[in-house]
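Reader: Before any claim is made about the ligand, I should like each term set against its criterion.

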Amino acid sequence: MELWFTERQTPHQDFSLRVERTLHREKTPYQDLAVLETAQWGRMLVLDGYIQTTVEDEFVYHEMIAHVPLCTHPRPRAVAVIGGGDGGAIREVLKHPSVQRAVLVEIDGRVVEAARTYLPEISSGLADPRVEVRIEDGIAHLAQRRAEYDCILVDSTDPVGPAVGLFSAEFYASVYRALTEDGLFVAQTESPFFNRDLIQRVFASVSQIFPVARLYWATVPTYPGVFWTFTLGSKRHDPLAVVSEELDRRLTFPTRYYSAGIHRASFVLPPFVEELIQAGKAGAAPSRSNGGGAR
Ligand code: SAM
């Protein structure tokens, strides 16, 4: 008998993977958590029925959420990851020799425990002495911080439940205050095919708060639409102003997706995405949504 996991990406589109084994399933105080062994992508973390990460394609997302901002900052020392309980973003952050302190702020301790048990390749960095794991709400955590972090990475679930506030203008204002005077942040901002309103709204908020606002993208095969965006807000440093020689110099570690060329290329946007964010900035009416569900 074959077992299949199906993610309902929109009311009109499903994504299915053949499952070899269910390794873990529980209801945490925040969400339904599952770790599945899939035939195509290896072990996979699922929250509330939505794919969070898989062992085979996680490198794309985690390298891109970490190295684009950290290579843009000249010397990131203190870094916070909001969400990201699987540990993948932290693992990449630790590859930067300047990092002295990496704080993981995850609301659901069960996600961290499941990642430690079932996803050691992804969570390995959590044992590093530079890492502080705080099981608390990322919104409350940043609200109490002033000029503390050089980089903040918002590695959140979709904007449902406790993650809703992580996509609000108030939250980005508190991210601004928690950053050092030349700090920068990045947030995962979903698919331009399915989440147009969200991308437009987030980009408009970030551009109002930060002098530098940029959108970049990467291909994540297990996320809806594959084409996945990140929104970056910076107080001073512009990711587009970092020269290739500097990026090469910073890459003292191996990567599988990120490179100096990808850093630059990921900011080149197809016209439909460029129009989307420019319309948002200009305060135009939100564009038509494409039926995207939670994602
Ligand atoms: N890369 C993934 C994606 O794009 O689907 C996200 C991975 S990570 C597992 C997302 C984490 O954000 C979840 O473990 C969830 O518990 C956490 N989270 C959601 N809201 C949060 C909040 N307000 N503060 C801290 N963590 C939060």
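Author: A polar contact is a pair of N or O atoms within 3.5 Å. The model is predicted, and side-chain atom pairs count only at pLDDT 80 or more. Side-chain values use heavy atoms, without hydrogens and water.

Reader: What makes the pair between the ligand and the side chain of Tyr 223 a polar contact?

Author: A nitrogen atom of the ligand is 3.0 Å from an N or O atom in the side chain of Tyr 223; this pair is therefore within the 3.5 Å limit. The protein buries 100% of the 600 Å² that the ligand exposes when taken alone, by the Shrake-Rupley method with a 1.4 Å probe.

Reader: How do you know that Gln 52 and Ile 107 qualify?

Author: The side chain of Gln 52 has an N or O atom 3.4 Å from a ligand oxygen atom, and a polar backbone atom of Ile 107 is 3.2 Å from a ligand nitrogen atom. Both pairs therefore meet the criterion.

Reader: Which residues are the closest around the ligand?

Author: Gln 31, Glu 106, Asp 137, Gly 138 and Pro 162 are the closest of the 26 surrounding residues, which have a heavy atom within 4 Å of the ligand.

Definitions and conventions. Residues numbered from 1 in each chain as written. Predicted model: local features only at pLDDT ≥ 70, side-chain atom pairs only at ≥ 80, totals over all residues. Polar contact = N/O pair within 3.5 Å; in protein donor to acceptor, adjacent residues only side chain to side chain.
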